[in-house]
Amino acid sequence: MLFSLNTEIYHLKTELNVTKSSNIQETMTLGNDLEKKLHARWVMIIGEGSVFFVLLIAGIVITRSSFRKENALNTQQKNFILSITHELRSPLASARLQMETLACRELDKEKQQSIILGAMTDIDRLNALVENILLAARIEDSTFKIVREKTNLSELLHTILDKHPATQDKRQRIILNIEDGIIAEIDRFSFPSIVLNLFENGLKYSDAGSLIQISLTREKNRIHLCVSDEGVGIREEDKPLIFNKFFRAGDEETRSTKGTGLGLYIARYLSELHNGTLTVRNNLPKGSIFELVLPAT
């Protein structure tokens, strides 16, 4: 419409100048001036229109991106509430049931010990869950710090894994390939969280009788810690997302595996604090391999 109005004004003024002036040279000069003004207005209209168009497109893109992020955040919050409710309720209900069994029935000593051990396992699971939640909160607030010192990593891994319930119940075949005498600068209090989160991630997604391997090796100036499983594996489209906080593949309402989506997030964060790199790749023919590479001392 602006183009049309400016063109119409240009033609009207040109006709008016021709009517008023009998001097052809003067008429041509006025016509050239009018044409220059017309072109200048066209350039102005095109420039302003382009700016408004770019702003409109940018606004649409930003609004769409914000909507998608908000929707993803709402989904994450919903999934976290569903998972944390289930994770808190299950060990509490199990421990209560076992305590009620002890209180209401006369059982032989062996059976009592078995029930007590089961209750302690549920309490340990609940304690680990609470620790992960608190650790994630400290990470989010940027208040979590580590103190690294030279540590015999080989001995520490044996201490962590030999006492884990999964190595006792024999549900899965667990093999430790740990080289002796590997020394690394780590925080003795936080580093076990990396190992346990990677190990328990493999346990969650592996079938009974499947193989889980934990290996620790040194190659020149690098230390390699690998946790491999023969579970369901990770889809390619999910691999860039698995280290995000609260991320869990699938639908939380129909998922059968336990967890809160914090384990791998914590493992990646702590790995970076230790100047390490945590990556994931496929374990052919099935399963996953998580590898942490640390600088050697």
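At what angle do helix α6 and helix α7 pack, and how far apart are their axes? Keep that in mind while we set up the view.

**Before you start**

This is a predicted model, in which local features need pLDDT of at least 70, side-chain atom pairs count only at pLDDT 80 or more, and totals for chains, interfaces and linings use all residues. Residues are numbered from 1 along each chain as its sequence is written, and side-chain values use heavy atoms, with hydrogens and water left out.

**Stop 1: the whole chain**

Colour the protein chain by secondary structure and you should find seven helices and seven strands. Helices (H or I, at least four residues) and strands (E, at least two) are DSSP runs, numbered from the N terminus. Walking from the N terminus, the order is α-α-α-β-α-α-β-β-α-β-β-α-β-β.

Now switch on a surface. The protein chain exposes about 18,900 Å², and carbon and sulfur atoms supply 57% of that area; accessible areas come from the Shrake-Rupley method with a 1.4 Å probe, and for residues only the protein chains shown count as cover. Of the 297 residues, 35% count as buried. Here buried means under 20% relative accessible area, exposed over 50%, and partly exposed in between (1.4 Å probe, protein chains only).

Among contacts in the protein chain with a separation of 6 or more, 71% come from residues 24 or more positions apart. Contact means heavy atoms within 4.5 Å.

**Stop 2: α6 against α7**

Select residues 191–204 for α6 and 263–273 for α7: the two helices pack at an angle of about 145°, with their axes 9 Å apart. Axes are lines fitted to C-alpha atoms, for helices over the stretch in contact, and angles run from 0 to 180 degrees between N-to-C directions. The α6 and α7 crossing is left-handed, a label used if the near helix is turned anticlockwise from the far one by less than a right angle (right-handed if clockwise).

To see the contact itself, show sticks for S193, I194, N197, L198 and N201 on the α6 side, and for G263, L264, I266, A267, L270 and S271 on the α7 side. These contact residues of α6 and α7 divide into six nonpolar, five polar and no charged. For that sorting, Ala, Val, Leu, Ile, Met, Phe, Trp, Tyr, Cys and Pro count as nonpolar, Asp, Glu, Lys and Arg as charged, and the others, Gly among them, as polar.

Zoom in on N201 of helix α6. N201 counts as buried because its relative accessibility is 12%. Setting aside neighbours within four places in sequence, N201 is in contact with L264 and F290.

**Stop 3: α3 against α7**

Keep α7 on screen and add α3, residues 109–140. The axes of α3 and α7 come within 10 Å and cross at roughly 50°, so these two helices are oblique to each other. In this scheme, angles under 35 degrees count as roughly parallel, over 145 as roughly antiparallel, 65 to 115 as roughly perpendicular and the rest as oblique. The crossing of α3 with α7 is left-handed.

Here the sticks to show are N132, L135, A136, I139 and E140 from α3, with Y265, I266, Y269 and L270 from α7. That set divides into seven nonpolar, one polar and one charged.

**Stop 4: what surrounds α7**

Which residues of α7 are buried? Highlight G263, L264, Y265, I266, A267, L270 and S271. The buried residues of α7 pack against α3, α6, β6 (277–282) and β7 (288–295).

**Stop 5: backbone oddities**

Most residues other than glycine have a negative phi, and most peptide bonds are trans. Three places are worth a click:

- N275, in the loop between α7 and β6, has a positive phi near 60°. N275 is partly exposed, with a relative accessible area of 48%.
- K220 sits in the loop between β4 (211–219) and β5 (222–228), and its phi is a positive value near 55°. K220 is exposed, at 78% relative accessible area.
- L284 and P285 are joined by a cis peptide bond, with omega about 5°. P285 is in the loop between β6 and β7.

**Stop 6: A184**

Finish in strand β3 (residues 183–186), where A184 is found. A184 counts as buried at 1% relative accessibility. Draw a C-alpha to C-alpha distance from A184 to P295: 7.5 Å in space, for residues 111 apart in sequence. Not counting residues up to four places away in sequence, A184 touches E149, K150, T151, L153, I223 and T297.
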